[in-house]
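User: I'm new to reading protein models, and I'd like to learn how to look at one. Could you walk me through it?

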Amino acid sequence: MAFIQSGDFKISGGDLSPVYLLAGNETYFIDKFLQEITAAVGADELNKEIFYLADSAASEILNALETLPFLSQKRLIIVKNMDEINSELEEENFEGLSNYVKNPNAASVLVLLCPNCKIVGKHPNKYPTPPKSALKEIFSACSKSKSSQAVNCMKLYENQVGAFIKNEFAKRKQSVSLEAVEMIKEENGQDLLQIANEIEKISLFAASKKNITNEDIEAIGGYTKEINAYTLASEIE
């Protein structure tokens, strides 16, 4: 298995893996990478199925994975909430899914979404408690399979948000000043979806500029600080 940090995830030239494990509690990364995988597969609704683990039998998922695509090169199978294996009976049933990961169907792309899991070192684990045996077996199968990719989708630490902001501007062929980065962080905290939306707005507003400064940000009406309840109370006082 290839272990990938969120900032390094990329699908180039339609080079898809048969199995993806998206592990972590940052919904922005999970949604973004899932969109990229979906676009790369190019599967229509006839060749795309979504399962919720708590409501699905392993046999249903396996049947979907082994079904040949209809007028398409590949099928896309998404399994959400992989950490919701609740009973011993379910664990026994999911042994087949572990075996599938070891020898996946080349005509299907399987995406396992694990929002309550994280990748520790080079091994995915459930937190805060150890995974049940079925989930552990699936993770182990993914770890040993050369056909799998595990992507770290954990929330960023506060000191990592600045690099995220710079990287997002770099994707748009723009640089950003340190003051501008701090202003964006101050306004949006660690909400990556909100930060990404603001960067998109700023980049479009200053499309002709190669370097974004705090003056550019202040020039955008939506970025001018509004008087909040604390400021208002202070002014009244």
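Analyst: Sure, let's begin with the pocket. In this predicted model, helix α6 gives the largest share of the lining of the largest pocket, namely five residues.

User: How do people find a pocket to begin with, and what is the volume of the largest pocket here?

Analyst: The general idea goes like this: roll a probe the size of a water molecule over the atoms, and you see where empty space is left. In this structure the largest pocket has a volume of about 430 Å³. Its lining is made up of 19 residues, and those closest to the centre are Ser6, Gly7, Phe29, Met154 and Leu156.

User: Which helices each supply at least two residues of that lining?

Analyst: α1 and α6 each do. If you sort the lining by class, you get nine nonpolar, six polar and four charged residues.

User: OK, now the overall picture. How many helices and strands does the chain have?

Analyst: The chain comes to 10 helices and 10 strands. Of its 237 residues, 45% are buried. You can also ask who touches whom along the chain: among contacts with a separation of 6 or more, 77% are between residues 24 or more positions apart.

User: And what sits in the largest nonpolar core?

Analyst: When you look for a core, you follow buried nonpolar side chains from one to another. The largest one here has 40 residues, and Ile37 and Val111 have the most contacts inside it. Several elements supply at least two residues each: strands β2 (19–23), β4 (75–80) and β5 (108–114), along with helices α1 (27–41), α6 (161–171), α7 (178–188) and α8 (192–205). Helix α1 brings the largest share, seven residues. There's also a second, separate core of 26 residues, and Ala23, Val79, Met82 and Leu112 are included in it.

User: Let me zoom in on Ile37. Which residues is Ile37 in contact with, leaving aside neighbours within four places in sequence?

Analyst: You'll find Phe9, Ile11, Leu16, Tyr20, Leu76, Val109 and Val111 in contact with Ile37. Try picking them out in the 3D view.

User: Next, burial. Is Cys117 buried or exposed?

Analyst: The cut-off for buried is under 20% relative accessible area. Cys117 has 0%, so it counts as buried. Cys117 lies in strand β6 (residues 117–120). Its C-alpha atom is 7.2 Å from that of Asp83, although the two are 34 residues apart along the chain.

User: What about Ser203, buried or exposed?

Analyst: Ser203 has a relative accessible area of 10%, so it is buried too. You'll find Ser203 in helix α8, touching Arg172 and Gln174 once residues up to four places away in sequence are left out.

User: And where does Thr67 lie?

Analyst: Thr67 is in the loop between α2 (58–66) and β4. Thr67 is partly exposed, because its relative accessible area is 35%. Not counting residues up to four places away in sequence, Thr67 touches Arg75 and Ser108. Thr67 and Asn47 are 20 residues apart in sequence, with 9.3 Å between their C-alpha atoms.

User: I've heard that backbone angles are worth checking. What is phi of Asn81 near?

Analyst: Here you look for a positive phi in a residue other than glycine. Phi of Asn81 is near 55°, which is such a case. Asn81 is found in the loop between β4 and α3 (88–93), and at 23% relative accessibility Asn81 counts as partly exposed. Lys173 is another case, with phi near 65°. Lys173 lies in the loop between α6 and β9 (175–176) and, at 64% relative accessibility, counts as exposed.

User: Last one: where is confidence lowest and where is it highest?

Analyst: With a predicted model, look at the pLDDT. The chain averages 82, and 81% of the residues score at least 70. Strand β7 (residues 123–126) is lowest, at a mean of 52, whereas β4 is highest, at 95. Over residues 126–130 the pLDDT is below 50, and this stretch has 12 contacts in the model beyond near neighbours in sequence. Residues 224–231 also stay under 50, with four contacts beyond four places in sequence.

Definitions and conventions
Residues are numbered from 1 along each chain as its sequence is written. This is a predicted model: local features need pLDDT of at least 70, side-chain atom pairs count only at pLDDT 80 or more; totals for chains, interfaces and linings use all residues. Side-chain values use heavy atoms; hydrogens and water are left out. A nonpolar core is a set of buried Ala, Val, Leu, Ile, Met, Phe, Trp, Tyr and Cys residues joined through side-chain atoms within 4.5 Å. Buried means under 20% relative accessible area, exposed over 50%, partly exposed in between (1.4 Å probe, protein chains only). Helices (H or I, at least four residues) and strands (E, at least two) are DSSP runs, numbered from the N terminus. Contact means heavy atoms within 4.5 Å. pLDDT is the predictor's confidence in each residue, from 0 to 100. On a 1 Å grid over the protein atoms alone, a cavity is a set of points where a 1.4 Å probe fits but cannot get out, and a pocket is an open set with protein on both sides within 12 Å along at least five of seven lines; lining residues have an atom within 4 Å of a point. Grid points are joined across faces, edges and corners, and a volume is the space filled by probe spheres set on the points. Ala, Val, Leu, Ile, Met, Phe, Trp, Tyr, Cys and Pro count as nonpolar, Asp, Glu, Lys and Arg as charged, and the others, Gly among them, as polar.
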